[in-house]
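Visitor: I have a structure open in front of me and would like to learn how to read it. Could you walk me through it?

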Amino acid sequence: MRDSKQKDGTSHRTIYAFTFLVSITMLIFLFVWRPMLLPYFFRYFKLIISEAMSDEQRVLDNQLQLAHKEWRTYQIESRFGQEWCKENVQARSDVTWLTIVVDDNFVVPALVLAHSIQTFSCHKNMIALISDTVAEETRRALQRVGWDIRVVEAMDCDWLDAKMGFARNGGLFERPGSFRIKGTHTRFHAWNYTEFSKIIYADADYMLMTNIDQLFDIPDDFAATPGNRPGVVNPCFNAGFLVFRPDAKYYQGIMDLWLETTQRDTCPDDQVLLWHYYADAGNWRALPYSFNIRLIIYRPFNSYHFAGGKGGYHPPKPWSADCRPSRKEAAEYDRPIVDIADVEIVFWKNFYQLLKRYKLEDWWRSTKLFRPKQEFGLVPYADCKRGHQ
């Protein structure tokens, strides 16, 4: 047995030695027969390693090219989009844009949203559902940019608790009172506007970057974007941008589910409620993430939604942040969007433009949101943000 093991060991060493000699012989043969082959092989191998190490930069360079192209498209559409609409599209009276404004704090983004719709969309019906607490000056500003103001009863979890005669905030859908978003269920009124065949709802802090009118033509009863970008699994959708067919039957079903869920557990927010009403029935369509981009830069850059807020998972909303770009810096901004700070400057660029276009300068200067030192100052936006980190 010992002799057998020795023989096996000797056999293996013989094979290894033979293989090594054959390999060396082939390399010598190749070097003599084709003296350029071996150096070429090593140079090629070096190039492969170099290309692999620079692949990430190549991807970034390609994304920058896309960003340049999108920015040029944005500029062209901003300037000539409405001329194209007049020549190629018949404006529809059976569709509408819709948002909600339940207090004066959201007037700035609502104005920017209207300005972006007026710039890019071929369809001009625009409805803003407002509560009776919105100031008269705010209402006039909203009307000046094109919103059709409709005063409705503001609805949220506190409203429902009052209707039911008690407050309940425990169970599966429990959320701290400070996380209850004021007036967020007010959008449910829109399901009663059956004079329209399709409604595009957008939170007031949503901004168009291109024409997305094709969404009015989708046949589905309800559509929204998933909660996360492609590649990140999230079974829920984000309710900050919705495309739906209004129907009184759906409205009643949503309200009944809201009441029933609250009685059995606790008050769900509007997003959770709509998810269970439509998704549980398999009656919704997932839109591409580009129609409701949040938190990141994603391409194609069709829109941006300033979701979240101060102390949350997103930079502060532009109108409530500590810093804002000066009017001069915003006016001179002319480069591709590559990070969130760029989007924020474009937001203010649009806002400063609409003040002039719709003659709202006097109104703006009368509000508590006006900051003359920043708007007419010399401190670059990036420097200000660094100083407040």
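**Reading the contacts**

Guide: Let's begin with one side chain: W284 is partly exposed, at 23% relative accessibility. Please keep in mind throughout that this is a predicted model.

Visitor: What is the ring of W284 paired with, and how are the two planes arranged?

Guide: For ring pairs, look at the distance between centres and then at the angle between planes. The rings of W275 and W284 have centres 5.8 Å apart and planes at 75°, so this pair is edge-to-face, since planes over 60 degrees apart fall in that class. Its partner W275 counts as buried, at 17% relative accessibility.

Visitor: Where could I look for another edge-to-face pair?

Guide: Try F370 and F376, which form an edge-to-face aromatic pair with 6.5 Å from centre to centre and 75° between the planes. F370 is buried at 15% relative accessibility, whereas F376 is partly exposed at 45%.

Visitor: How many aromatic pairs does a search of the whole structure find?

Guide: That search gives 31 aromatic pairs. Rings can also meet charges: R150 lies over the face of Y193, 4.9 Å from the ring centre.

Visitor: Let's turn to salt bridges. What does R327 meet?

Guide: A useful habit is to take each bridge in turn, asking where the two partners sit in the chain and how exposed they are. The side chain of R327 meets that of E361 in a salt bridge, at 2.9 Å from N to O. E361 belongs to helix 11 (residues 361-365) and R327 to helix 9 (residues 327-332), so this pair ties together parts that are 34 residues apart in sequence. R327 is buried, with 15% relative accessibility, while E361 is partly exposed at 21%.

R327 also forms a salt bridge with E375, at 2.8 Å from N to O. E375 lies in helix 12 (residues 372-375) and R327 in helix 9, so here the parts tied together are 48 residues apart in sequence. E375 is buried, with a relative accessible area of 1%.

Visitor: Which residues are linked with R327 in a network of salt bridges?

Guide: The network links R324, R327, E361, R365 and E375. For the whole model, the count comes to 21 salt bridges.

Visitor: How far apart in sequence are D383 and R386, whose side chains also meet in a salt bridge?

Guide: D383 and R386 are 3 residues apart, about one turn of the helix, and both lie in helix 13 (residues 381-387). Their salt bridge spans 2.2 Å from N to O. D383 is partly exposed at 39% relative accessible area, and R386 is exposed at 53%.

Visitor: What sits in the loop between helix 12 and helix 13?

Guide: One residue to find there is V379. V379 is exposed, with a relative accessible area of 55%. Leaving aside residues up to four places away in sequence, V379 touches E329 and C384. The C-alpha atoms of V379 and E329 are separated by 9.4 Å, although the two residues are 50 apart along the chain.

Visitor: How should I describe two helices that pack together?

Guide: Packed helices are described by the angle between their axes and by the distance between those axes. Take helix 3 (residues 55-88) and helix 4 (residues 107-120): they pack at about 60°, with axes 7 Å apart.

Visitor: Which residues of helix 3 and helix 4 meet?

Guide: On the helix 3 side they are Y74, E77, S78, Q82 and C85, and these meet Q118, T119 and F120 of helix 4. Sorted by class, this contact has 3 nonpolar, 4 polar and 1 charged residues.

Visitor: Now for the overall picture. How many helices and strands does the protein have, and what percentage of its residues count as buried?

Guide: There are 13 helices and 9 strands. Of the 389 residues, 43% count as buried. As for contacts with a separation of 6 or more, 74% are between residues 24 or more positions apart. You have already met one contact between residues well separated along the chain: V379 with E329, 50 residues apart.

Key: Residues numbered from 1 in each chain as written. Predicted model: local features only at pLDDT ≥ 70, side-chain atom pairs only at ≥ 80, totals over all residues. Heavy atoms only, no water. Salt bridge = Lys/Arg side-chain N within 4 Å of Asp/Glu carboxyl O. Helix = DSSP H or I, 4+ residues; strand = E, 2+ residues; numbered from the N terminus. Buried < 20%, exposed > 50% of the residue type's maximum accessible area, 1.4 Å probe, protein only. Axes fitted to C-alpha atoms, helices over the stretch in contact; angles between N-to-C directions. Contact = heavy atoms within 4.5 Å. Nonpolar A, V, L, I, M, F, W, Y, C, P; charged D, E, K, R; others polar. Phe/Tyr/Trp six-rings, centres within 6.5 Å; stacked < 30°, edge-to-face > 60°. Lys NZ or Arg CZ within 6 Å of the ring centre and 35° of its normal.
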